[in-house]
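Please find below my notes on this model, set out as numbered points. They are meant to be read with the sequence and the structure open alongside.

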Amino acid sequence: MTWQVKFARSIVTEIAGVTSVEPEGGEALRITMQDQPDVLAVISPAHRVNAEAAARYHDEYPDMDFLCGYRTSCLWEGDAIRYLEGNNIGWGTIGTLNSALPKGSVNSAAHKDFFFSDRALRQSRDVANVFREFDQVHTVTLVSGRALRIGMIMKYEPTADSVRTLWDQFGAVDIAWNINPNGKPTPEAIEAGRELGCEVVQWDDLKAIMKKG
């Protein structure tokens with residue numbers, strides 16, 4: 001049993017309603033719940049999941065219900081997300097899996113850190129189109145026709161380093177969005193954004209920008 005499957009098994013076993021968690025070979029776990037169909041979860045140690053990797057896991061485990069990126073730093077490319085969602089396969093962290101199991105929503109589950117932000121953009125009346133480049137980077141086309149590249153920062157209080165790290169990892173963005181609902185960017189983060197050429201905002205600020213067009 002691989003290290004990540006071993007740790008995932010120990011965590012999932014503690015979830016209420018789980019009656020058994022058995023290795024399915026390789027990187028998969030078969031999870032049995034009370035009054036629910038079994039779930040086949042694949043636990044990946046990858047640092048980055050692209051469409052090729054997602055398809056390879058799917059070929060190896062045709063009945064896969066959920067692909068878990070076990071590392072907290074695991075980065076998901078947009079093509080991989082579209083492949084998984086198009087094949088009715090949930091994706092995200094071990095925390096995402098743990099939240100979805102009791103609800104019986106594993107196949108439709110998406111990375112819990114970015115789920116609500118992604119949905120907020122898609123539900124905005126000021127947005128005509130959303131293209132997800134990565135789990136935390138979206139390019140949205142506003143109703144006005146203006147395009148905005150938006151990167152998400154989950155930290156409670158983003159610092160200048162948070163903004164520069166986002167920029168270094170994903171390239172230039174127009175908006176660095178602090179998606180933690182209880183957080184607030186530090187003055188240093190806002191200043192770092194100015195130096196780089198992007199705005200560091202929270203949801204209310206972003207809504208105003210999108211409404212303005």
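**Notes on the predicted model**

1. Just after helix α6, Gly171 adopts a positive phi of about 90°. The model is a predicted one, and this backbone angle, like every other value below, should be read with that in mind. The helix that precedes Gly171, α6, spans residues 160-170, and its buried residues are Ala160, Ser162, Val163, Leu166, Trp167 and Phe170.

2. Helix α6 also matters for the description of the largest pocket, to whose lining it gives the most, with five residues. The space in this pocket comes to about 410 Å³. The lining consists of 19 residues, of which Phe114, Gln136, Met152, Met154 and Gln169 are the closest to the centre of the pocket. Two elements, β10 (147-153) and α6, give two or more residues each to the lining.

3. Turning to the sheet, five strands form an open arrangement in the order β1-β2-β3-β5-β7, and their pairing is mixed. The edges are formed by β1 (18-25) and β7, each of which pairs on one side only. Between neighbouring strands of this sheet the average turn is 20°, direction ignored.

4. The antiparallel part of the description concerns β1 and strand β2 (residues 28-33), which pair in that sense over six bridges. Here Gly25 stands opposite Ala28 in β2. Strands of a sheet pair through backbone hydrogen bonds, either parallel or antiparallel.

5. On the parallel side, strand β3 (residues 39-44) and β5 are joined over four bridges, and Ser44 has Gly69 of β5 as its bridge partner. Strand β5 is also joined to strand β7 (residues 90-92), again in the parallel sense, by three bridges. In this second pairing, the bridge partner of Phe66 is Gly90 in β7.

6. Which residues of β5 lie on each of its two faces, and are they buried or exposed? Strand β5 (residues 66-69) has Phe66 and Cys68 on one side and Leu67 and Gly69 on the other, and all of these are buried, so that both faces of the strand are covered. In a regular strand the side chains alternate between the two faces of the sheet. For Leu67, which lies in β5, the relative accessible area is 0%, and the residue is therefore classed as buried. Computed along the chain, so to speak, Leu67 and Phe115 are 48 residues apart in sequence, while their C-alpha atoms are 16 Å apart in space.

7. Five aromatic pairs are found in the structure. In one of them, the rings of Trp3 and Tyr70 have centres 5.7 Å apart and planes at 80°, and the pair is therefore edge-to-face. Because Trp3 lies in helix α1 (residues 3-12) and Tyr70 in the loop between β5 and β6 (75-76), this pair ties together parts that are 67 residues apart in sequence. The two partners fall into separate accessibility classes: Trp3 is partly exposed, with a relative accessible area of 39%, whereas Tyr70 is buried, at 15%.

8. Trp76 and Trp91 form another aromatic pair, this one tilted, with 5.2 Å from centre to centre and 55° between the planes. Since Trp76 lies in strand β6 and Trp91 in strand β7, the pair ties together parts that are 15 residues apart in sequence. Both residues are buried, Trp76 with a relative accessible area of 1% and Trp91 with one of 0%.

9. Why does Cys68 not form a disulfide with Cys74? The sulfur of Cys68 has its closest cysteine sulfur in Cys74, at 8.3 Å, which is too far for a bond, because a disulfide requires the two sulfur atoms to lie within 2.5 Å. Seen from the other partner, the closest cysteine sulfur to that of Cys74 is the one in Cys68, at that distance of 8.3 Å. Both cysteines are buried, Cys68 with a relative accessible area of 0% and Cys74 with one of 5%. A search of the whole structure likewise finds zero disulfides.

Definitions and conventions. Residues are numbered from 1 along each chain as its sequence is written. This is a predicted model: local features need pLDDT of at least 70, side-chain atom pairs count only at pLDDT 80 or more; totals for chains, interfaces and linings use all residues. Side-chain values use heavy atoms; hydrogens and water are left out. Buried means under 20% relative accessible area, exposed over 50%, partly exposed in between (1.4 Å probe, protein chains only). Two strands pair if DSSP finds at least two bridges between them. Rings of Phe, Tyr and Trp (its six-membered ring) pair if their centres lie within 6.5 Å; planes under 30 degrees apart count as stacked, over 60 as edge-to-face and the rest as tilted. Axes are lines fitted to C-alpha atoms, for helices over the stretch in contact, and angles run from 0 to 180 degrees between N-to-C directions. On a 1 Å grid over the protein atoms alone, a cavity is a set of points where a 1.4 Å probe fits but cannot get out, and a pocket is an open set with protein on both sides within 12 Å along at least five of seven lines; lining residues have an atom within 4 Å of a point. Grid points are joined across faces, edges and corners, and a volume is the space filled by probe spheres set on the points.
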